[in-house]
Amino acid sequence: MLLLMPLAGALLTLSFAPFGLWPAGIAGCALFGYFLCTCGTGAAIWRGWLFGLGLFGTGASWVYVSIHVYGQASIALATLLTVVFCAGLALLPALFAGLYVRWVRGLPGGMLIGFPALWVLFEWLRSWLLTGFPWLYLGYAHIDTWIAGWAPIAGVYGLSFFTALTASCLFLAWRSRGAASLVTYAGIVVTIWVGGLVLRPIEWVVPASEAPLSVALYQPNIPQELKWDRRYYDTILQQYERAVRPMFGKDIVLWPESAIPRIYENARDFLDPMARRASLTDSTLITGVPSRDDAGAYRNSIVAIGLGEGMYHKQRLVPFGEYVPLEDWLRGVIAFFDMPMSSFSSGPPDQPPLRAGSHRVAPYICYEIVYPGLVARAARRAELLVTVSNDTWFGASIGPLQHLQMARMRALENGRYLLRGTNNGVSAIIDHRGKITAQTEQFVETTLTGTAEVMLGHTPFTSFGPMPVIIACASLLALMALAYLTLWRNGR
C-alpha cells in the first residue's frame, strides 16, 4: 500500500509532457479513488500525502536544477529544499483525501460526482494559495485527446473534472459489475468523450483578415551564468544586433524574457536605435527587459517598440526566483535566496495590451501563462497572445516541456494564436487550436519564422473565465449535501 500510493501519483506525471501517456493519468486517479473508498479519515490523509509526494516528487522536482545549478546550493542542501518543496505541496492532496473521506464520500453520488468536483476545487485552491502553484493539473494531459473539444468552453478545470469523472466511472464500474450500473457508467464516459469529439471542429473565432502576420522569434541560447555578468553585456548586445538584421521587415519580432539584462531606462542607448530601425521596416519588436519605476521599484517587464508601443509589468511573480518571501529573515542565508533579479515588485492588475501595429497583443511573462483566469482576462482585449520565458533555470529537465504544454492549453482555451519566445527553448508558434505550427529545438541559438493569424471573437472560456466551472463544482457538492440531509439520511 505504501508503495502503491506514490506510484499512483507518479502515473499522473506520465500523462503530461514530455511522456504524453494520458491513460496513465486516468489510471492513477482511479487508483487513488480505490485507495480512499473504505479507509478512515486519518488513513486517507496519510495516503493522500503519499499520493501527492509521488505526483510532485516526479512532476515538480525539476526545481532542483535552479536551486543547485543556478542557486549554487550544495547537492545535499538542494536535495533537502526540493524534498521540502514537494512534501509541502503533497499536503494539499492529503487535505483533499481527508475532506473527501470525512465529508464527501458518504454523500449520494459522493464517489461518482463528489470526487471529481472536490478534485477541481483543490486544483483551483492550488492556483492561489500562498501565491499559487498551478502546475500538473489533470486536464493538461488531454490537450490532444477527444475531450480537448471542451477546453474552449470549460478550460483546463473542465477537462480535469471530466478526466476525474472518467476515472470514477471506471473504478465504480469495476467495483459494482451490475449490468445497469455498467450501462450508466459507460453512458457517462461516452457522453464526455464523444461530446468532446463533436465539439472539436467548432470554430469559436474567425481570422480578422486574409493575410496573416509574419513573425520571427529569436532564441539566443545565452548561458544563464553569463547573462547577468556585466562583463558579458556588450557581447549580448552584439549577438542580438547581429541576429535581428534579417528579422526586420517581419510584422512582429519577439525576443525572450529579460533579453536585455539591464534596466530599460539604462538600455535606451541600444533599444532606441532598434526602435527606429523597426519603424523604418514596419516591424514591431517585443522584448523582455527589466524596468524601474519612479518610486525605485524593479519590475519584470515586456516592451513593444518600433511600430508597436506599450510596456507590461509582470503580475504573478515566482517565489524565491523573483522575490523572496520573509525577505528580512531569508535574504543572504544561502546563495539561492540572492539569485539575480530576485527583488522584483509585481505589476498592477488590468494593464492595457501592447500594440503591434494596429493589433492588440496580450503579453505574459513566463510563469503567468499557467494561470487560466489571468490569461483569459487579458485575452478578452487582444487578438494575439505573446509569452516570453527563460526556462534556462530548469535545464534539461521536464519542466520546460510541461510549461510548453500549458501554454498550448491557453491558446486552445482562448482561441488565439500564441507566440512563445524563450532563451533556450522551446520557442514555438501555437495556433488557436493549441497546435504547434512551428517550434525550435532546445539549447541552440536559432531564429524561428512563420505566420500567425489575428483572431476575432471570443470563446465561452474567454468570456467567462474559469469561475463557472469552480462555482458548478462547489454547487454540486452543496446539492449533494442538501440531498443527504433532507432525503438520503431519512431513508427517503
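## A tour from the Val426 loop outward

Start by selecting Val426, which sits in the loop between β11 (418–422) and β12 (428–430); keep in mind throughout that this is a predicted model. Display the backbone here, and you will find that the peptide bond joining Gly425 to Val426 is cis, with an omega of about 5°.

From Gly425, move to Glu441, since Gly425 is among the residues that Glu441 contacts once its neighbours within four places in sequence are left aside, the others being Gln219 and Asn424. Glu441 belongs to the loop between β13 (436–439) and β14 (446–452), and its relative accessible area of 59% places it as exposed, because the cut-off for that class is over 50%. If you then add Val206 to the selection and draw a distance between the two C-alpha atoms, you should read 30 Å, for a pair that is 235 residues apart along the chain.

Next, select Pro18, in the loop between α1 (4–15) and α2 (22–35), where the peptide bond from Ala17 to Pro18 is also cis, with omega near 5°.

Two residues with positive phi come next. Ser258, in the loop between β3 (252–254) and α12 (268–280), has a phi near 50° although it is not a glycine, and at 6% relative accessibility Ser258 counts as buried. Asp350, in the loop between α13 (327–330) and β8 (354–356), has a positive phi of about 55° and is likewise a residue other than glycine; Asp350, however, is exposed, with a relative accessible area of 61%.

Now select residues 91–104, which form helix α6: its 14 residues reach 18 Å from the first C-alpha to the last, close to the 20 Å expected at 1.5 Å a residue. Colouring α6 by accessibility will pick out buried positions including Leu92, Phe96, Tyr100 and Val104.

Finally, zoom out to the chain as a whole, in which the secondary structure comes to 17 helices and 15 strands. The C-alpha trace spans about 80 × 55 × 40 Å along its principal axes, and the radius of gyration of 24 Å agrees with the value near 23 Å that a compact globule of 492 residues would have. Of these 492 residues, 56% count as buried, while 70% of the contacts with a separation of 6 or more are between residues 24 or more positions apart. With a surface shown, the chain exposes about 19800 Å², of which carbon and sulfur atoms supply 63%; colouring by charge brings up 35 positive and 30 negative side chains, the centres of the two sets lying 11 Å apart.

Methods: Residues are numbered from 1 along each chain as its sequence is written. Side-chain values use heavy atoms; hydrogens and water are left out. Helices (H or I, at least four residues) and strands (E, at least two) are DSSP runs, numbered from the N terminus. The radius of gyration is taken over C-alpha atoms; the globule rule is 2.2 Å times the number of residues to the power 0.38. Buried means under 20% relative accessible area, exposed over 50%, partly exposed in between (1.4 Å probe, protein chains only). Contact means heavy atoms within 4.5 Å. Accessible areas come from the Shrake-Rupley method with a 1.4 Å probe; for residues, only the protein chains shown count as cover. Lys and Arg count as positive and Asp and Glu as negative; His and the chain ends are not counted. The place of a charge is taken as NZ of Lys, CZ of Arg, CG of Asp or CD of Glu. The expected span of a helix is 1.5 Å times one less than its number of residues.
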